[in-house]
Amino acid sequence: MNRRMVLPLSLALLLIATILVFSIFLPRVTFLVDVPYSKTVLAVQRPKLFFSLLQSGYILNVEEVSLTTEPGQLLDAVDERSRFVIASPLVSSKLKNTDVPPYLVGQGRSTDQAGVFQRFWLIDDETMLGDLKYPGLLTALVGDEDVGRFSQYFPSDLVFIKGNDEIDSQFADRMARTLQDRKVMTVVAPSLGSWAIPLLQDASMQWVVPAEYLSMIPPEQQSGVLVPDLVAGVKALFAEKDEIYILKWRMIKR
């Protein structure tokens, strides 16, 4: 074997061996999640979450469960070495009427869902765009009536809301013409409807959407993805912050 290859190969083998040893002895932080959450919100943050946990002395463990599973059996999949178990919003909803152990962290969009959880991550949609900065002249906010609450973060002439009497195709046509006239390059859409399908035919347009909508956007048109910041949530958990912790949103560049 070429001597120049020995050292890099040895270092790689040592790194692999170290990770294997860690995976055996380190405690876990387990995400107990439904498949859609695993493939969207968790998937885009998984690498950073893995290394952040490893730096804190934990191994990331992900357990995907079916939402058809009986609530009392959902925790059966959890590794006994788990220090904390963080449930996705849908799994949390299924567990809310069970005897929840203290190490289980729930998630949801309302404090009414906190109920039986000693620790709960509140996903506050109102803060979704508050801390995110976009190029003012070339980025537009587009969507249904409910996106109006985010309009304060964008220039008023670049906020486009679907009218109550406007059908999807009419809104799509209006947007296609207007966005081209304004030379808009990036669309921020906190939610997507059927109106977005014709707009996606414009390959020059870039999109920023929440993780659950990312599969609708062609990879070459993905400018960023909006996610509740799971890394910040875990750090707050280790720091024993408030029992109800508001998950901040972050944009991950694509």
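A salt bridge is counted here where a side-chain nitrogen of Lys or Arg lies within 4 Å of a carboxyl oxygen of Asp or Glu. By that criterion Lys 162 forms a salt bridge with Asp 168, the closest N and O atoms being 3.8 Å apart, in what is a predicted model.

**Salt bridges**

A search of the whole structure gives six salt bridges, and the pair just described is accompanied here by two others. Arg 174 is bridged to Glu 166, with 2.8 Å between the closest N and O atoms, while Asp 229 is bridged to Arg 250 with a corresponding separation of 3.9 Å.

| Salt bridge | Closest N and O atoms |
|---|---|
| Lys 162 and Asp 168 | 3.8 Å |
| Arg 174 and Glu 166 | 2.8 Å |
| Asp 229 and Arg 250 | 3.9 Å |

The partners can also be described by their exposure. Lys 162 has a relative accessible area of 16% and is therefore buried, whereas Asp 168, at 31%, counts as partly exposed. In the second pair, Arg 174 is partly exposed at 28%, and Glu 166 is buried at 15%. In the third pair, Asp 229 is buried, with a relative accessible area of 15%, and Arg 250 is partly exposed at 21%. This third pair links distant parts of the chain, since Asp 229 sits in the loop between strand 10 (222-228) and helix 7, and Arg 250 in strand 12 (residues 249-253), 21 residues apart. In addition, Arg 28, Asp 79 and Arg 81 are joined into one network by salt bridges that share partners.

**Overall architecture**

The secondary structure of the protein consists of seven helices and twelve strands. Of its 254 residues, 44% are buried, and about 13800 Å² of the protein is exposed, with carbon and sulfur atoms supplying 55% of that area. Among contacts with a separation of 6 or more, 54% are made by residues 24 or more positions apart in the protein.

**Helix 3 and its surroundings**

Helix 3 spans residues 46-55, and within it Leu 49, Ser 52 and Leu 53 are buried. These residues lie on the same side of helix 3, because they cover an arc of only 95° around the axis. An α-helix has 3.6 residues a turn, so residues three or four places apart point the same way. On the other side of helix 3, Pro 47, Phe 51 and Gln 55 are exposed. The buried residues of the helix pack against several elements, namely strand 1 (28-33), helix 2 (35-42), strand 2 (59-64) and helix 7 (230-238). Just after helix 3, Gly 57 adopts a positive phi of about 90°.

**Aromatic pairs**

Five aromatic pairs are found in a search of the whole structure. In one of them, the ring centres of Phe 50 and Phe 51 are 5.1 Å apart and the ring planes stand at 85°, so the pair is edge-to-face. The two residues can be assigned exposure classes as well: Phe 50 counts as partly exposed at 25% relative accessibility, and Phe 51 counts as exposed at 52%.

Another pair is formed by Phe 84 and Phe 238, whose ring centres are 6.1 Å apart and whose planes lie at 40°, so this pair is tilted. Because Phe 84 belongs to strand 3 (residues 82-87) and Phe 238 to helix 7, the pair ties together parts that are 154 residues apart in sequence. Phe 84 is buried, with a relative accessible area of 5%, while Phe 238 counts as partly exposed at 26%. Ring pairs further link Tyr 58, Phe 84 and Phe 238 into a cluster.

**Nonpolar cores**

In soluble globular proteins, nonpolar side chains tend to be buried together. The largest nonpolar core in this model has 60 residues, of which Phe 31, Leu 49, Trp 195, Trp 207 and Leu 230 touch the most other members. Helix 7 contributes the largest share of this core, five residues. When neighbours within four places in sequence are left aside, the contacts of Trp 207 include Val 187, Leu 192, Trp 195, Leu 199, Ile 217 and Gly 224. A second, separate core of 14 residues includes Leu 32, Leu 95, Leu 104 and Ala 114.

Key:
Residues are numbered from 1 along each chain as its sequence is written. This is a predicted model: local features need pLDDT of at least 70, side-chain atom pairs count only at pLDDT 80 or more; totals for chains, interfaces and linings use all residues. Side-chain values use heavy atoms; hydrogens and water are left out. Buried means under 20% relative accessible area, exposed over 50%, partly exposed in between (1.4 Å probe, protein chains only). Helices (H or I, at least four residues) and strands (E, at least two) are DSSP runs, numbered from the N terminus. The arc is that of the directions from the helix axis to the C-beta atoms. Contact means heavy atoms within 4.5 Å. Accessible areas come from the Shrake-Rupley method with a 1.4 Å probe; for residues, only the protein chains shown count as cover. Rings of Phe, Tyr and Trp (its six-membered ring) pair if their centres lie within 6.5 Å; planes under 30 degrees apart count as stacked, over 60 as edge-to-face and the rest as tilted. A nonpolar core is a set of buried Ala, Val, Leu, Ile, Met, Phe, Trp, Tyr and Cys residues joined through side-chain atoms within 4.5 Å.
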